[in-house]
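Colleague: Could you take me through the salt bridges of this model, and through the parts of the chain that they bring together? I'd like a close look, please, with the surroundings where they help.

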Amino acid sequence: MMNLFEAVKDAVPTRTAAEHYGIEVKRNGMACCPFHDDRTPSMKVDKRFHCFGCQEDGDVIDFVGKLFDLSPKRAAEKLAEDFGVRYEGLQTWQPQRRPSVISKLAAAQEYRKKENRCYRVLCEYLHLLRDWKEQYAPQPEDEDWHPLFCEALQKMDYVEYLLDELISGTLEERTAIVKEKEKDLVGLEKKIAAFDCRGTADPQRDSFPRKVRSTRFPEELAM
């Protein structure tokens with residue numbers, strides 16, 4: 001029977017461990033590195049792991065040790081316990097939980113989900129605004145503008161700004177945007193879904209006139 005370290009490294013690929021401990025790994029083996037502020041996947045995870053951002057590198061024991069702030073021996077024992085790996089000299093061991101580390105990891109993962117959702121919804125909304133700007137553009141003979149054309153004019157620059165900040169802003173700036181827009185996302189998702197169900201049709205066509213005065217932006221269109 002193999003010793004602890006050999007048995008764990010032979011039985012548990014780093015990718016398997018990463019996914020087990022809550023790290024989302026893409027099909028291509030890339031994941032957001034939990035060891036630095038990583039918004040786009042920069043860590044390759046397979047049998048071993050390597051981050052192209054912070055240069056962290058190692059095997060599954062190194063990964064779990066850093067993730068939970070454990071010594072190599074404790075990390076190997078935790079893996080053996082969590083994955084049922086048998087090894088020479090096996091004894092029952094209760095992992096020493098590190099609440100602070102686990103809480104930080106969970107909080108980071110939860111925030112990442114919120115930020116990804118915010119970015120996705122704003123991208124879809126921007127696409128919708130661009131469609132409206134083209135579809136409902138006033139003709140030379142028109143005296144009034146369609147509300148959706150007004151909304152596109154009013155919101156496009158602002159949404160583009162938010163998306164730029166979510167891509168290149170600091171963590172503090174991105175967090176502020178995610179927090180500020182969290183309540184708005186439900187309404188935007190419903191609006192996007194309503195138009196998706198009807199293609200380019202206007203689900204509000206019967207609820208207001210086709211056009212409104214070009215000199216005003218209705219307050220109800222504010223995001």
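Modeller: Gladly! Let's start with the term itself: a salt bridge here is a side-chain nitrogen of Lys or Arg within 4 Å of a carboxyl oxygen of Asp or Glu. The idea behind it is that side chains of opposite charge can pair when their charged atoms come close. Please keep in mind that this is a predicted model. By that rule, the count comes to 19 salt bridges.

A good one to begin with is Lys181 with Asp184, whose side chains meet at 3.9 Å, N to O, so the pair falls within the 4 Å limit. Both residues belong to helix α7, three residues apart, about one turn of the helix. That spacing fits a general pattern: an α-helix has 3.6 residues a turn, so residues three or four places apart point the same way. The two partners are not covered alike. Lys181 has a relative accessibility of 4% and counts as buried, because the cut-off for that word is under 20%. Asp184, at 25%, counts as partly exposed. Salt bridges can also share partners, and in this way Asp37, Arg39, Glu115 and Arg174 are joined into one network.

Helix α7 takes part in another pairing as well. Glu189 forms a salt bridge with Arg120, with 3.3 Å between the closest N and O atoms. This one links distant parts of the chain, since Glu189 sits in helix α7 (residues 171–197) and Arg120 in helix α5, 69 residues apart. Both ends are partly exposed: Glu189 has 25% relative accessibility, and Arg120 has 38%.

Helix α5 (residues 99–135) is worth a short detour, as it gives the most to the lining of the second largest pocket, with six residues. That pocket holds about 320 Å³ of space. Its lining has 15 residues, and those nearest the centre are Glu24, Lys26, Cys32, Arg112 and Asn116. By type, the lining splits into six charged, five nonpolar and four polar residues.

Back to the salt bridges, there is a further link at helix α3. The side chains of Glu56 and Lys66 come together at 3.5 Å, N to O. This pair, too, connects distant parts of the chain: Glu56 lies in the loop between β3 (49–51) and β4 (57–58), while Lys66 is in helix α3, 10 residues apart. Glu56 is partly exposed at 26% relative accessible area, and so is Lys66 at 39%.

The partly exposed state of Lys66 stands out against its helix. Helix α3 (residues 60–68) is mostly covered, with seven of its nine residues buried; these are Val60, Ile61, Phe63, Val64, Gly65, Leu67 and Phe68. At the N-terminal end, Asp59 acts as a cap, placing a side-chain oxygen 3.0 Å from the backbone nitrogen of Ile61. After the helix comes Asp69, which has a positive phi, near 55°.

Methods:
Residues numbered from 1 in each chain as written. Predicted model: local features only at pLDDT ≥ 70, side-chain atom pairs only at ≥ 80, totals over all residues. Heavy atoms only, no water. 1 Å grid on protein atoms, 1.4 Å probe; cavity = no way out; pocket = protein on both sides within 12 Å on 5 of 7 lines; lining within 4 Å. Points joined across faces, edges and corners; volume = space filled by probe spheres on them. Helix = DSSP H or I, 4+ residues; strand = E, 2+ residues; numbered from the N terminus. Nonpolar A, V, L, I, M, F, W, Y, C, P; charged D, E, K, R; others polar. Buried < 20%, exposed > 50% of the residue type's maximum accessible area, 1.4 Å probe, protein only. Polar contact = N/O pair within 3.5 Å; in protein donor to acceptor, adjacent residues only side chain to side chain.
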